[in-house]
Amino acid sequence: MGLINATTTSDFRAVLEKGDILFFPEGGFEIPASVRGALMGASQDARSIHKNIAYKPNVDRVTGLVDSAETEAVRNGMREYSRLALRFMADILPAYAANWKIDYASFRSIEERGRDLPLTKRNDLLHVDAFPSRPVFGDLILRCFTNVNPEQPREWLVSDPFALLGPKEAANAGLARFAETAESGLHKLRRTAVRTLRRAGLPLVDRSPYDAFMLHFHDWLKHREEWQRDCPKYRFDLPPGSTWLVFTDMVPHAVLGGRLALEQTVIVSRASLANPQLAPSSILERLAGKPLSA
Ligand SMILES: [Fe+2]
């Protein structure tokens, strides 16, 4: 488990799929001063229901701001970061970019150390990512982070990747229950109903058993005090100006401190991995002995 400097390798897919962090100490791409300027003044309410300021590239919308007068400047800044980060990611990972889905960008403007959040939303507890409103059906969550704080590092803690974590903990977390559900008539009926209602315009989420398990696993890991205390841990301080990429559903991670980070997410198709067997969905399907992500 490590932080791999991008200058030491050309096989970026191998680094990411092994569960390492692909690290660009100099940032990898240029972020114009105008983008930094637009974002540094943005105020985010620490009590907001939104954990971060989010930018949705597909609809060009920003959420999570306190002051709506700032919206235009922040939207411009985040649109530009999103564009630059996506171009950078596509340059270095063309095999993924060929059919990835563009997800949201975010700006993490609040100091993470001592942040008062409900337990399942805490960033300082190790977890794997899963999105309640955006199921991935077995594909993977790849995130590109840039520390735009001019002075302070972003302090990350990570643990062993899914290839080690899954076989140790998925059964304890109740994988069998989710796998059984996958084949029940009631589950299939429910999903058919959800899809019909979605087509009629209702804001319901159609989740695969894989998505349901990963959402549960995210919370289960945060609640499990002994795992949080005893699991292998690797600490990295990501310096000002650096960029790093990681599959955040494959690598358990926590943020202990730091403020002012930008991030762009893409959903990478499992089929475009150099080794699709390393996807968390493949690992769980092997453990369960059945498909979970359809
Ligand atoms: Fe996370």
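Two strands pair if DSSP finds at least two bridges between them. The legends below apply that rule to a predicted model.

**View 1. The whole protein chain, with its helices and strands.**
The secondary structure of this chain comes to 10 helices and 11 strands. The radius of gyration is 19 Å, close to the 19 Å that the globule rule gives for 294 residues, so the chain is as compact as a globular protein of that length. Its C-alpha atoms fill a box of roughly 55 × 45 × 40 Å along the principal axes.

**View 2. An open sheet of 3 strands.**
The order across the sheet is β8-β7-β10. The pairing is antiparallel. Which strands stand at the edges? They are β8 (234–238) and β10 (253–257). Each has a single partner strand, so one side of each is left without a neighbour in the sheet. From one strand to the next, the twist averages 25 degrees.

**View 3. The pairing of β7 with β10.**
Strands of a sheet pair through backbone hydrogen bonds, either parallel or antiparallel. Here, strand β7 covers residues 154–158. Strand β7 and β10 pair in the antiparallel sense over 4 bridges. Which residue of β10 is the bridge partner of Leu157? The partner is Ala254.

**View 4. Burial and contacts in the protein chain.**
How many of the 294 residues count as buried? The share is 40%. Now take the contacts with a separation of 6 or more. Residues 24 or more positions apart account for 80% of them.

How values were computed: Residues are numbered from 1 along each chain as its sequence is written. This is a predicted model: local features need pLDDT of at least 70, side-chain atom pairs count only at pLDDT 80 or more; totals for chains, interfaces and linings use all residues. Helices (H or I, at least four residues) and strands (E, at least two) are DSSP runs, numbered from the N terminus. Axes are lines fitted to C-alpha atoms, for helices over the stretch in contact, and angles run from 0 to 180 degrees between N-to-C directions. The radius of gyration is taken over C-alpha atoms; the globule rule is 2.2 Å times the number of residues to the power 0.38. A residue is buried if 20 or more other C-beta atoms lie within 10 Å of its own, exposed if 12 or fewer, and partly exposed in between; C-beta atoms are placed from the backbone. Two residues are in contact if their C-beta atoms, placed from the backbone, lie within 7 Å.
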